[in-house]
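Please look through the sequence and the model shown here before reading on. The paragraphs that follow lead from one part to the next.

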Amino acid sequence: MKKTIIGGLLMFHGTLICLTIITLASSVVPRISEWRGTKLWFVIFGAKDMNYTDSLFLGGPFIIGSVLFIFGFIVIILELYSELINKIIFRVKNYKEEIDK
C-alpha cells in the first residue's frame with residue numbers, strides 16, 4: 001500500500017510538471033516567428049544555434065517530469081503485480097495442500 005501511494009505521488013508530480021510546461025508553452029506558441037520542427041516542442045526545448053529564439057528552454061524540467069511519471073508508473077505496476085503473484089502463489093499452495101489430504 002505504501003509503495004502504491006509513493007508511485008501515485010511520483011506520477012502526480014511528474015504529470016503536474018509536464019502539463020504545466022505544456023500549458024505554458026502553448027500560450028507562447030502563437031507569438032513565435034522562427035522555429036525548427038514543431039512549434040510546441042521548439043518552445044519547450046529550444047535551439048542554441050539560432051540567433052533569435054522565443055523558446056522557454058524548459059527541456060530539462062520537462063524530461064525530469066517525464067522520468068518522474070514513468071518511475072511512478074513502474075512502481076505502481078510492480079507493486080500491483082507483486083500482490084497478484086503473491087495471491088496466485090497462495091492459491092497454488094492451498095490447492096496443493098488440499099490435494100495432499
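Which backbone oxygen lies 3.0 Å from a polar atom of the side chain of Ser55? The backbone oxygen of Phe42 lies at that distance from the side chain of Ser55, and the backbone oxygen of Val43 is likewise 3.0 Å from a polar atom of the Ser55 side chain. For reference, a polar contact is a pair of N or O atoms within 3.5 Å, where within protein one must be able to donate a hydrogen and the other to accept it, and residues adjacent in sequence count only if both atoms are side-chain atoms.

Before going further, it should be said that this is a predicted model, in which local features need pLDDT of at least 70 and side-chain atom pairs count only at pLDDT 80 or more, while totals for chains, interfaces and linings use all residues. Residues are numbered from 1 along each chain as its sequence is written, and side-chain values use heavy atoms, with hydrogens and water left out.

Ser55 is found in the loop between α2 and α3, where helices are DSSP runs of H or I with at least four residues, numbered from the N terminus. With a relative accessible area of 14%, Ser55 is buried; the word buried means under 20% relative accessible area, exposed means over 50%, and partly exposed lies in between, with a 1.4 Å probe and protein chains only. Phe57 is also found in the loop between α2 and α3, but Phe57 has a relative accessible area of 41% and is therefore partly exposed. The phi angle of Phe57 is near 50°, which is a positive value in a residue other than glycine.

The aromatic rings come next. A search of the whole structure finds three aromatic pairs, a pair being rings of Phe, Tyr and Trp (its six-membered ring) whose centres lie within 6.5 Å, with planes under 30 degrees apart counted as stacked, over 60 as edge-to-face and the rest as tilted. One of these is the tilted pair of Trp41 and Phe45, with 6.2 Å centre to centre and 35° between the planes. Because Trp41 and Phe45 are four residues apart in helix α2 (residues 39–45), they are separated by about one helical turn. Trp41 counts as partly exposed at 40% relative accessibility, and Phe45, at 34%, is partly exposed as well. Phe45 also forms an edge-to-face pair with Phe62, 5.9 Å centre to centre and with 85° between the planes. Since Phe45 lies in helix α2 and Phe62 in helix α3, this pair ties together parts that are 17 residues apart in sequence. Phe62 has a relative accessibility of 10% and so counts as buried. Ring pairs thus link Trp41, Phe45 and Phe62 into a cluster.

Another ring has a charge over it: the charged end of Lys39 sits over the ring of Trp35, 4.5 Å from its centre, under the rule that NZ of Lys or CZ of Arg must be within 6 Å of the ring centre and within 35 degrees of the ring normal. Arg36 is found in the loop between α1 (2–28) and α2, and at 47% relative accessibility Arg36 counts as partly exposed. The C-alpha atoms of Arg36 and Ala47 are separated by 8.0 Å, with their positions 11 residues apart along the chain.

Two further pairs of C-alpha atoms relate positions that are farther along the chain. Ile64, which lies in helix α3 and counts as exposed at 51% relative accessibility, has its C-alpha atom 8.3 Å from that of Ile17, although the two are 47 residues apart along the chain. Val28 lies in helix α1 and is buried, with a relative accessible area of 11%; the C-alpha atoms of Val28 and Asn94, 66 residues apart along the chain, are separated by 61 Å.

Terms used:
Helices (H or I, at least four residues) and strands (E, at least two) are DSSP runs, numbered from the N terminus.
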